[in-house]
Each structure stands twice: as structure tokens, then as C-alpha cells.
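Hello,

Please find the structure below, with the sequence alongside. My notes on charged side chains follow.

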Amino acid sequence: GIKANRLRAGSTIKVVRGPFHAVVYKSQYRMDVFLDETTEHGAPGDGQRIFVRSFDVGHGEGNSTPVGLWLVESGRKLIDPPWTNPRTGEFFAADDPKNPIGDRWIGLKGLDPNTQGLSGYGIHGTIEPDSIGKMRSMGCIRMLDDDVALVYDLLQEGASTVEIRP
């Protein structure tokens with residue numbers, strides 16, 4: 001997105017490197033994305049986080065989304081994934097416009113005693129945009145498709161964390 005007419009010889013370009021992290025506030029139906037502060041040469045910073053952006057989300061019906069700390073699991077970020085409904089066994093192909101999880105999946109792995117050993121949780125899109133701001137998923141974090149596409153690009157497998165708070 002850099003305009004060639006604005007870039008001149010000798011100019012400095014700042015490249016923002018992650019990892020980015022997310023905090024989900026269930027009671028507010030909001031996800032905030034942060035960048036870990038690092039020193040000028042990329043060494044870890046002092047633990048401060050720089051706010052990047054907020055997103056509206058939905059989460060699990062009956063308040064079923066587990067709170068705790070999660071890691072974006074290696075090998076579990078998927079574009080246009082197939083999905084099988086765990087309750088009914090109904091299968092949705094990757095290119096099926098009726099696939100309820102949309103076209104992005106960010107699989108999560110539990111890191112703390114409250115989330116360790118839990119499986120099948122993630123962040124994904126939805127074909128029901130009116131479900132954002134409500135408890136209508138099976139426990140996952142739901143986002144609008146354009147929003148989850150951006151978050152998909154920001155969160156890194158094996159490095160980014162997602163903290164889910166009440």
C-alpha cells in the first residue's frame with residue numbers, strides 16, 4: 001500500500017513485526033488486538049502492549065466459551081476449511097456457501113489449567129452476521145468475515161496468544 005511517489009531515496013520504512021495477540025472480552029462481545037512492544041532491534045520489550053484495533057465478536061451459546069489463555073495452534077490456521085457439525089454430523093465442504101464457519105479458521109490450543117486439553121475451539125467467520133454481539137456459536141469466537149480475514153493475517157501460529165476473559 002505504499003505509494004511510489006511518496007517513497008524517496010534515503011527514506012526509512014518501519015516494518016511492524018508481530019507477534020500480535022488478542023484479548024476477548026465476552027461480556028462486551030469485543031476482541032482487542034495488540035502488538036507486543038519490542039526494542040529497536042527486535043529484542044523483546046518490557047512487556048507493554050500496543051493497542052492495534054477492536055473487533056465485534058460473538059461467542060458460545062449459554063456462555064459456553066471457555067475463559068483462559070490459548071495459543072494459535074501450529075498448522076491450524078485454515079482458509080476455506082470444510083467443517084462437520086459436532087452435534088449433528090452434517091458435513092459442509094470447503095466451498096459450500098452454507099458452511100457456517102465462513103472462510104477462515106484459527107485453531108486454538110489451551111495453555112492454562114482452565115483450557116488445557118480442550119479441543120475444537122477457534123476463531124472463525126460466520127454466514128450469520130446478525131449473530132455477532134450474541135451468544136450463538138458452539139463455543140468458538142465468531143467474527144464478521146472481513147474482520148476474521150484481517151485477524152487471520154495478524155495472528156501467528158505457535159506465537160500469538162488469545163486470552164478469553166469473562
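There are eight salt bridges in this predicted model, counting a side-chain nitrogen of Lys or Arg within 4 Å of a carboxyl oxygen of Asp or Glu. Side chains of opposite charge can pair when their charged atoms come close. Some of the pairs are described here.

Arg 30 and Asp 32 are joined through their side chains, with an N to O distance of 2.8 Å. Asp 32 is buried, at 5% relative accessibility, whereas Arg 30 is partly exposed, at 25%.

Asp 36 is paired with Arg 49, and 3.3 Å separates the closest N and O atoms of this salt bridge. Asp 36 belongs to strand β2 (residues 30-38) and Arg 49 to strand β3 (residues 44-56), so this salt bridge ties together parts that are 13 residues apart in sequence. Both partners count as partly exposed: Asp 36 has a relative accessibility of 24%, and Arg 49 has one of 35%.

Asp 103 and Arg 104 also form a salt bridge between their side chains, at 3.8 Å from N to O. Asp 103 is partly exposed, with 31% relative accessibility. Arg 104 has a relative accessible area of 16% and is therefore buried, since the limit for that class is under 20%.

Finally, there is a network: Glu 128, Asp 130, Arg 136 and Arg 142 are linked into one by salt bridges that share partners.

Regards

Definitions and conventions: Residues numbered from 1 in each chain as written. Predicted model: local features only at pLDDT ≥ 70, side-chain atom pairs only at ≥ 80, totals over all residues. Heavy atoms only, no water. Buried < 20%, exposed > 50% of the residue type's maximum accessible area, 1.4 Å probe, protein only. Helix = DSSP H or I, 4+ residues; strand = E, 2+ residues; numbered from the N terminus.
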